[in-house]
2 protein chains.
Amino acid sequence: MNSEEFRQRGKEMVDYIADYLDTIEERRVTPAIEPGYLRRLVPDEAPQKPEQWEDIMKDVEDKIMPGVTHWQHPRFHAYFPAGDSYPSLLGEMLGNGLGCIGFSWAASPACTELETIVLDWLGKMVGLPEQFLSFSENSKGGGVIQGSASECVFVSMLAARAHTIRQLKKQHPFVEEGVLLSKMMAYCSKEAHSCVEKAAMMAFVKLRILEPDENQSLRGATLQQVMQEDRAMGLVPFYVETTLGTTSCCSFDNLAEIGPVCEEFGAWLHVDGAYAGSSFICPELRGPMRGIEYASSFNFNPNKFMLTHFDCSLMWVRDRFKLTQALVVDPLYLQHSYSEKSIDYRHWGIPLSRRFRALKIWFVVRSFGIEGLQKYIRDHCRLARRFEAHVRKEPRFEVASPVHLGLVCFRLRGTNDINQKLLSSINASGKLHMVPASLNDKYVIRFCVCRQTATEEDIDYAWEVIRQFATDVQETKPEIIENYSQDPRSPRKTGRTG
Amino acid sequence: MNSEEFRQRGKEMVDYIADYLDTIEERRVTPAIEPGYLRRLVPDEAPQKPEQWEDIMKDVEDKIMPGVTHWQHPRFHAYFPAGDSYPSLLGEMLGNGLGCIGFSWAASPACTELETIVLDWLGKMVGLPEQFLSFSENSKGGGVIQGSASECVFVSMLAARAHTIRQLKKQHPFVEEGVLLSKMMAYCSKEAHSCVEKAAMMAFVKLRILEPDENQSLRGATLQQVMQEDRAMGLVPFYVETTLGTTSCCSFDNLAEIGPVCEEFGAWLHVDGAYAGSSFICPELRGPMRGIEYASSFNFNPNKFMLTHFDCSLMWVRDRFKLTQALVVDPLYLQHSYSEKSIDYRHWGIPLSRRFRALKIWFVVRSFGIEGLQKYIRDHCRLARRFEAHVRKEPRFEVASPVHLGLVCFRLRGTNDINQKLLSSINASGKLHMVPASLNDKYVIRFCVCRQTATEEDIDYAWEVIRQFATDVQETKPEIIENYSQDPRSPRKTGRTG
């Protein structure tokens, strides 16, 4: 394909995407296919000769689209939003169009410098303390774009591990590092994302998973008690992961209590605000950030609640040297004369190569402005409260946890079984898509406001569907119940996208 | 921005990208700016109000472009190619347009299924043994898209670590895991990419870095000797990383010799073909794959030598259960009724969420066809040999290592110092961009054929520039030499993008 054909095909693709999003309601929100559907539709071997573009695009519509779950659909209320907006799309287009790789400052200076700048912009926008920003000459902090919250959690754990091992080796220079490692303890809440457990597994450190309070919030006293117990056993508490906006119910760990405990034990405090972090753009929503000044690192994902395409997880650290010391394998490697004066982001994360992801953030922030982003977030919060009001109006339902931001957890008063049947039947119908969670051993249904331009009508429509299915399920016949259990879209537990 | 404006701005962006690539020669290949240039051009704070699209795009041209290193420029001969083609760009556009997240089969079935299919296509295209493919019912193998070769190396090391720890725990059930870990040894060549050292650091395992032979190839006898030594010391050899197409000079470790040694010691053999892997699409270039049947895992990067945008590193494993056992934290998590019958790629890598990257590969392979990709690869090989012939014609130069694929390492006969000056002066001129490497303690200059549509004229032009600068440097005055050392674009050592 030469540039002339690209001009044509690219413009057709722009229209295809705009048409797709304009008419997305005409599609079923979840696909009605079974595993292996695509294998039967496409050849087993790659084609020997070039194929025509028309044939490829025909296959997109005929073969790919029937297997797509439409995350931007007005009836999609599962997980959390998959960030999406036209300026973000244009940023991705341009970044790919440039086709440069930003592993060091010298490899493409604009790629690195714009990243530092937008991370400072965003840090200020969400009210992070100055210590996390890089703009001041004397700051040891700074921000970086990672691919996912999972990576943020993992690299923060690596930084904490490296720092603690260095300290322990000073005290016990002749003890094998593997033995030192075996004494080190990390902590998180039961409501933390599974990526924390995965990070601990990858980092080969022990993780204690703690009980949150009745509102799914990890409290300082709980943490202090187990840390004291562990220290008394000769173990070394070194890392605490907290969440602002948990996956199950958007609960908030109590940073203001946990922070001083981490300080007392010299443990690294990481704060994962994957979903809720974007909401801190609104000053009135910053309450849960109280205590953030104790954090060693913080992340949130514009690819969830800030209209930016995945992958885009922003991470800030209070001491960038502690982070890079855990990831630099050879300080001379790829060095250039400006190494002292510039940031080489390859030392801030797992991969060497990096895409020009700062462009999409820059485009989104400038196109919407702070006020536009605030309006989007406040709209979602308002719509969630509208949904909550619907639930509360009807006595056979209950709201299962305090409502925060765009997420409402609700259930039919009754057994877990009937709620599972309700959700399975709704999902199987293709009329709405939601996923479940487990709160205090109760099966609850998560309703998340996801679509960028969600309206009151979308909320009212969803509630009407839920009410009807609830009535059906409550009056259901046995053979229908049996069918529900075969629904492919009923995960046991919720996972956030991150 | 609504869909109407997106239709306009998207089409303008298509033209902007096509214009950029059509006229890229008018730009300087490397930017002439200093660290911090962008901070002075953009505000310290994000805008409160939305900005006009015209203003944003004006800033792209005025502020971003002057800081971009143009990887698609005909004068760019640094690192390895950054994969780029119009079909790949269209695939990225569509994937982002759909805006779905593919962490499980159910989260967007097409996203998962197309990935499995194209990985089988590509596996066959490069001649991988059937054991790595997933199409057969009884196969335990399979392929996955990772973000970078660094991730492939790291997760393969994690899989090997988990497998070995399980085995050791059976033998020594009462020994602390940290102690078992401290006995485990990984191996790679001095010519392996730095990501191997980084992976070992992250995985907390010991790594022995071995001397390759005079052609920068790691040999079986070297490996066998150190593994025997280590075993005699009570250590446990568990992982060997080999490279097909090293960063410095595109050398190939000797798989046919190394494979049986790994088998003898029960060690996991990973083969990183980040750059060279794509060349195996051409049957006549598959010689270095001899022994691949011993590998436990293999990766190559279409985002280097197969015209596909970063990020796109393909990884195959012979036993997918060994891989996922190292990364699944909770087998019930996000489970759906089809978990048994479908692949959930979130268990195959570090992040949970995943982009729809299979689309761009599918578009590239279908648009070019196998024959089109073969032609592209053979053209680059032919152009590298043309460059090699230029070097050999002129007695003051020497070819520094056997020429493989699109890479030629050469130098002026003489000191390292004069070669460093030559490269610095060329890079500072902005007329060409190349990076150095160190081979047997000699400073060499790497010339890589990078541009998709590179021509004989591009090669001849580059050689003419090099010749002229060589003459200047050989006759140079002291004050010019001093300037060379201030060149920002002279890394000490080469890094591949990956």
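Student: How many bridges pair β10(B) with strand β11 of chain B, and in which sense?

Tutor: This is a predicted model, and in it β10(B) and β11(B), residues 442–448, pair over five bridges in the antiparallel sense. For one rung of that ladder, look at Val435(B), which stands opposite Arg446(B) in β11(B).

Student: Which order do the strands of that sheet take?

Tutor: Reading across chain B, the order is β8-β9-β11-β10, four strands in an open sheet with antiparallel pairing. β8 (397–399) and β10 (435–439) of chain B each have a single partner strand, so they stand at the edges with one side left without a neighbour in the sheet. Neighbouring strands here are turned by 40° against each other on average, direction ignored.

Student: Which helices should I look for against this sheet?

Tutor: Start with α13(B), residues 416–429, which packs on the sheet and touches β8, β9 (407–412), β10 and β11 of chain B. Its direction makes about 30° with that of β11(B). Then find α14(B), residues 456–474, lying across β8, β9 and β11 of chain B and running at about 20° to β9(B).

Student: On to the sheet of seven strands: what is its order, and how do the strands pair?

Tutor: That one is open too, ordered β1-β7-β6-β5-β4-β2-β3 in chain B, and its pairing is mixed. To find the edges, look for strands that pair on one side only: here they are β1 (142–146) and β3 (206–210) of chain B. The twist from one strand to the next averages 20°.

Student: Which strand does β1(B) run against?

Tutor: β1(B) is joined by five bridges to β7(B), residues 313–317, and the two run antiparallel. Within that pair, Val144(B) has Met315(B) of β7(B) as its bridge partner.

Student: And which strands do the helices α7 and α9 of chain B touch?

Tutor: α7(B), residues 194–203, packs on the sheet against β2 (184–189), β3 and β4 of chain B, its direction making about 160° with that of β3(B). α9(B), residues 255–265, packs on the sheet as well, touching β4 and β5 (268–272) of chain B. The angle between the directions of α9(B) and β4(B) is about 160°.

Student: How should I read the cores?

Tutor: The general idea is that in soluble globular proteins, nonpolar side chains tend to be buried together. In this model the largest nonpolar core has 230 residues, and the members touching the most others are Phe363(A) and Phe363(B). Setting aside neighbours within four places in sequence, the contacts of Phe363(B) include Met13(A), Trp53(A) and Val60(A) from chain A, and Pro87(B), Leu90(B) and Leu94(B) from chain B. Apart from that core lies another, of 76 residues, among them Ile165(A), Phe238(A), Tyr239(A) and Ile350(B).

Student: What relates the two chains?

Tutor: Give chain B a turn of 180° with a shift of 0.0 Å along the axis, and it can be laid on chain A with an RMSD of 0.0 Å. That is the relation of a two-fold axis. If you want a landmark, Gly178(B) comes closest to the rotation axis among the residues of chain B, with its C-alpha at 2.2 Å. As for the interface, 100% of the interface residues of chain B are also interface residues in chain A, so the copies meet through the same surface.

Student: How many disulfides does the structure hold?

Tutor: In general, a disulfide is a covalent bond between the sulfur atoms of two cysteines. The count over all chains is zero.

Student: Why is there no bond for Cys262(A) or Cys282(A)?

Tutor: It's down to distance. For Cys262(A), the closest cysteine sulfur is in Cys188(A), 12 Å away, too far for a bond. For Cys282(A), the closest is in Cys381(A) at 6.8 Å, also too far for a bond; the cut-off is 2.5 Å. Cys262(A) is buried at 1% relative accessibility, and Cys282(A) is buried at 0%.

Student: Is Ala162(A) buried or exposed?

Tutor: Its relative accessible area is 18%, so Ala162(A) counts as buried, since the limit for buried is under 20%. Ala162(A) sits in α5 (residues 149–171) of chain A. Its C-alpha is 5.6 Å from that of Ala326(A), though the two are 164 residues apart in sequence.

Student: And Met233(B), buried or exposed?

Tutor: Met233(B) is exposed, at 66%, and lies in the loop between α8 (220–232) and β4 (236–243) of chain B.

Notes:
Residues numbered from 1 in each chain as written. Chains lettered and ligands numbered in written order. Predicted model: local features only at pLDDT ≥ 70, side-chain atom pairs only at ≥ 80, totals over all residues. Heavy atoms only, no water. Buried < 20%, exposed > 50% of the residue type's maximum accessible area, 1.4 Å probe, protein only. Pairing = 2+ DSSP bridges. Axes fitted to C-alpha atoms, helices over the stretch in contact; angles between N-to-C directions. Contact = heavy atoms within 4.5 Å. Core = buried A, V, L, I, M, F, W, Y, C linked by side-chain atoms within 4.5 Å. Least-squares fit on C-alpha atoms with pLDDT ≥ 70 in both.
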